[in-house]
Amino acid sequence: MKITITGSLGNISKPLAEILVRNGHEVVVISSDDKKVKDIEALGAKAAVGSVSDVTFLTGAFTGADAIYTMVPPNWATTNYRQYIAGTGENYLAAIKASGVKRVVNLSSIGAHLNGGTGPIAGLHDVELLLNTLDGVDVKHLRAGIFYINFFFDIGTIRNSGIMGNNYSSQTKLVMVHPRDIAAAAAEELQGSFEGKSHRYVVSEEGEMADIVKVLGTSIGKPDLPWVQFSDEETYAGMTAAGMSAAIAGPYVEMGQAINSGVLFEDFNRHRNGVWGRTKLADFATEFAAVYKSQQ
Ligand SMILES: NC(=O)c1ccc[n+]([C@@H]2O[C@H](COP(=O)([O-])OP(=O)(O)OC[C@H]3O[C@@H](n4cnc5c(N)ncnc54)[C@H](OP(=O)(O)O)[C@@H]3O)[C@@H](O)[C@H]2O)c1
């Protein structure tokens, strides 16, 4: 099959490209950076260099593909995160229509069933709705859990203050996933035979924040690492002090509120129709410890 994937050599797209190339597919990888071309070709794929903001470029990259993988790249410079995410979805919608692609696997998120109150995930809700308007195109949304790798952002606070924390409590149950497990699910769907519009949860493990901190703390020789629940105001102040813009910090505080109340996970908990990934928190803890050590 000819398969075009967005997301360059990112957390999901690199292992996804590797699986698809290994399985004998003709893979095109979209990157915004021409310096990545060599590394993409080294994987056995072709590179298409351009931006997800450019519908003409996307149309060219999608044309002739039997299936595509769409994702919205993070954009820390945007002044309206939801609008940026939905706008990227509109670009995909236009390019899919113009290119005639008939099969789409789209990266979404747990919580995308909600129309608001979820920070950036509300934008992914918009993208799901947009792609569901495509006539005669099969679309599978992968509603991924919270990435384990987000915990890498806590390493600075652990080093500087000896704590981990956010605006949700130690009793919060987090539904998590490893990007590798998302890549495996995306590959399965791209090569599979789904029809119509549907979503699938992709999760690797769930656990209470207190237990998660115990596992991660133990992996770096800090078994008593405390989890601190900050107020929304403290969380926002911490994020902006660390250099995040107000347009990003605001939505992330809102997402933390949705994690704390549990609404983010309610649809997943109601259906529990996900396929569980193989990478458990204990496996990720080894990666976490290696990154922690490398940042010494
Ligand atoms: N973090 C979570 O907990 C979570 C949970 C659920 C869903 N998600 C979704 O997952 C996404 C991140 O996926 P990921 O980790 O696989 O991505 P990633 O590794 O962070 O980024 C993918 C790549 O996209 C490329 N890119 C950036 N801007 C671009 C542009 N304008 N045009 C074309 N390519 C561009 C970049 O590579 P180049 O420099 O080579 O262009 C970047 O490395 C989030 O944006 C969110 O939608 C995240």
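**Figure 1. Polar contacts to the ligand in the predicted model.** A polar side-chain atom of Asn150 is placed 2.9 Å from an oxygen atom of the ligand. The protein buries 78% of the 950 Å² that the ligand exposes when taken alone. Coordinates come from a predicted model. Phe147 approaches an oxygen atom of the ligand through a backbone N or O atom, at 2.9 Å. Ser51 faces a nitrogen atom of the ligand, with a polar side-chain atom at a distance of 3.1 Å.

**Figure 2. The shell of residues around the ligand.** The ligand is surrounded by 25 residues. Those that come nearest are Ser8, Asn11, Ser31, Ser32 and Val72. Sorted by class, the shell comprises twelve polar, eleven nonpolar and two charged residues.

**Figure 3. Strands that contribute to the ligand shell.** Two strands, β5 (residues 103-109) and β7 (residues 146-147), each provide at least two residues of the shell around the ligand. The largest share comes from β5, which supplies three residues. Phe147, whose backbone N or O atom lies 2.9 Å from an oxygen atom of the ligand, falls within the range of β7 (146-147).

**Figure 4. The second largest pocket and its lining.** The volume of the second largest pocket is about 280 Å³. Its lining consists of 15 residues, and Arg180, Asp181, Ala184, Gly277 and Arg278 lie nearest the centre of the pocket. The lining divides by class into eight nonpolar, five charged and two polar residues.

**Figure 5. Helices and strands that line the second largest pocket.** At least two lining residues come from each of four elements: the helices α1 (13-22) and α7 (179-190), and the strands β10 (197-203) and β13 (275-276). Helix α7 gives the most, with six residues of the lining. Arg180, Asp181 and Ala184, which are among the residues nearest the centre of the pocket, fall within the range of α7 (179-190).

**Figure 6. The protein chain as the setting for the close-up views.** Twelve helices and 13 strands make up the secondary-structure elements of the protein chain. The chain is as compact as a globular protein of its length, because its radius of gyration of 19 Å is close to the 19 Å given by the globule rule for 296 residues. The C-alpha trace spans about 55 × 40 × 35 Å along its principal axes.

Key. Residues are numbered from 1 along each chain as its sequence is written. This is a predicted model: local features need pLDDT of at least 70, side-chain atom pairs count only at pLDDT 80 or more; totals for chains, interfaces and linings use all residues. Side-chain values use heavy atoms; hydrogens and water are left out. A residue is near a molecule or strand if one of its heavy atoms lies within 4 Å of it. A polar contact is a pair of N or O atoms within 3.5 Å; within protein, one must be able to donate a hydrogen and the other to accept it, and residues adjacent in sequence count only if both atoms are side-chain atoms. Accessible areas come from the Shrake-Rupley method with a 1.4 Å probe; for residues, only the protein chains shown count as cover. Ala, Val, Leu, Ile, Met, Phe, Trp, Tyr, Cys and Pro count as nonpolar, Asp, Glu, Lys and Arg as charged, and the others, Gly among them, as polar. On a 1 Å grid over the protein atoms alone, a cavity is a set of points where a 1.4 Å probe fits but cannot get out, and a pocket is an open set with protein on both sides within 12 Å along at least five of seven lines; lining residues have an atom within 4 Å of a point. Grid points are joined across faces, edges and corners, and a volume is the space filled by probe spheres set on the points. The radius of gyration is taken over C-alpha atoms; the globule rule is 2.2 Å times the number of residues to the power 0.38.
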